[in-house]
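Visitor: I would like a close look at one part of this model. Please keep it brisk and tie the part to what surrounds it.

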Amino acid sequence: MKIPGVTHLLLITCLLLANMGTTLADTVNIAVASNFTDPIKEIAARFTAQNGQRINLIFGSTGKHYAQIKNGAPFAAFFAADERRPELLEQEGVAISGSRFTYAVGRIVLWSPKAGLVDSQGKVLEGQAFQHLAIANPRLAPYGKAAEQFLQNRGLWEGLQGRLVRGENIGQTYQFIRSGNAELGLVAYSQVKSPGHPPAGSLWEVPPAEYDPIAQQAVLLQDHPVARAFLDYVKSPEAVAIIRGFGYAMP
């Protein structure tokens, strides 16, 4: 016996499931270094608004993402915080050859949410006005490596060991400072700089000559049309303006 409307309901359900499957298939997973969180969210939103194609962003440390990709994580593209890991993936045959490019050049700053704590030359690091200094893990995060290089260059690395708080990535490092677990820290300029707004608290930009250049590269991992289109969009004048607005330099 047929129940009125059941056949029609089943047909609608099947169509909805089919549409969901198409939507999920069109959504690509992209691994992104934590420092680039705010810029790429804005870039992805504009890309989706213009093209109707969705991007699923997964944030974390460059070192962890690299290990996940090597172990088969289903990412279609990778926005790293350095150039070494994308180059390795290309050499190892994991990334698509010829797709690698520098999308931003990072800068590190000494920052505190407390006004007046960080002076105009970073001399606060030589005194006792703080108990904890947050940095990203140098083994996992390029911004942490840059912080280590700077502190070693100034002869401060060994003396500060007892006061260092290490975040797994630069995002966690920023949260340590925001939450008060560290009074100040070495973070990405993009984390405290937003378009049209002066940074809160106090900061000092570390001279770029005191650490290796942070050339951040992206690479295609799957020859997926949406992922390829998104990487092309990141190179567009509109996306470049967003990247610059968050305090990055360009190559």
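Visitor: Is Thr173 buried or exposed, and what is its relative accessible area?

Guide: Thr173 is buried, because its relative accessible area is 0% and buried means under 20% (exposed is over 50%, partly exposed in between; 1.4 Å probe, protein chains only). This is a predicted model: local features need pLDDT of at least 70, side-chain atom pairs count only at pLDDT 80 or more, and totals for chains, interfaces and linings use all residues. Residues are numbered from 1 along each chain as its sequence is written, and side-chain values use heavy atoms, with hydrogens and water left out.

Start with the setting. The protein chain has nine helices and ten strands. These are DSSP runs numbered from the N terminus: helices are H or I with at least four residues, strands E with at least two. Of the chain's 251 residues, 48% count as buried.

Now the residue itself. Thr173 sits in helix 6 (residues 170–178). A polar atom of the Thr173 side chain lies 2.9 Å from the backbone oxygen of Asn169. Residues up to four places away in sequence aside, Thr173 touches Ala134, Ile135, Ala136, Gly167, Leu186 and Val187. Contact here means heavy atoms within 4.5 Å. Gly185 is twelve residues from Thr173 along the chain, and their C-alpha atoms are 7.6 Å apart.

Next, the sheet. It is open, with five strands in the order 7-6-8-5-9 and mixed pairing. Two strands pair if DSSP finds at least two bridges between them. Strand 7 (164–167) and strand 9 (202–205) are the edges, each pairing on one side only. On average, neighbouring strands are turned by 30 degrees against each other, direction ignored. Helix 6 packs on this sheet and touches strand 5, strand 6, strand 7 and strand 8. The direction of helix 6 makes about 145 degrees with that of strand 8. Axes are lines fitted to C-alpha atoms, for helices over the stretch in contact; angles run from 0 to 180 degrees between N-to-C directions.

Take strand 6 (residues 133–136). Strand 6 pairs with strand 7 in the parallel sense over four bridges. Leu133 has Leu164 as its bridge partner in strand 7. Ala134 stands opposite Val165. In a regular strand the side chains alternate between the two faces of the sheet. In strand 6, Leu133 and Ile135 point one way, Ala134 and Ala136 the other, and all are buried.

Asn169 leads on to another residue. The side chains of Asn169 and Ser34 share a polar contact of 3.5 Å. A polar contact is a pair of N or O atoms within 3.5 Å; within protein, one must be able to donate a hydrogen and the other to accept it, and residues adjacent in sequence count only if both atoms are side-chain atoms. Ser34 lies in the loop between strand 1 (28–33) and helix 2 (37–51). Ser34 is buried too, with a relative accessible area of 10%. Neighbours within four places aside, Ser34 contacts Phe59, Gly60, Ser61, Asn169, Ile170 and Gly171.
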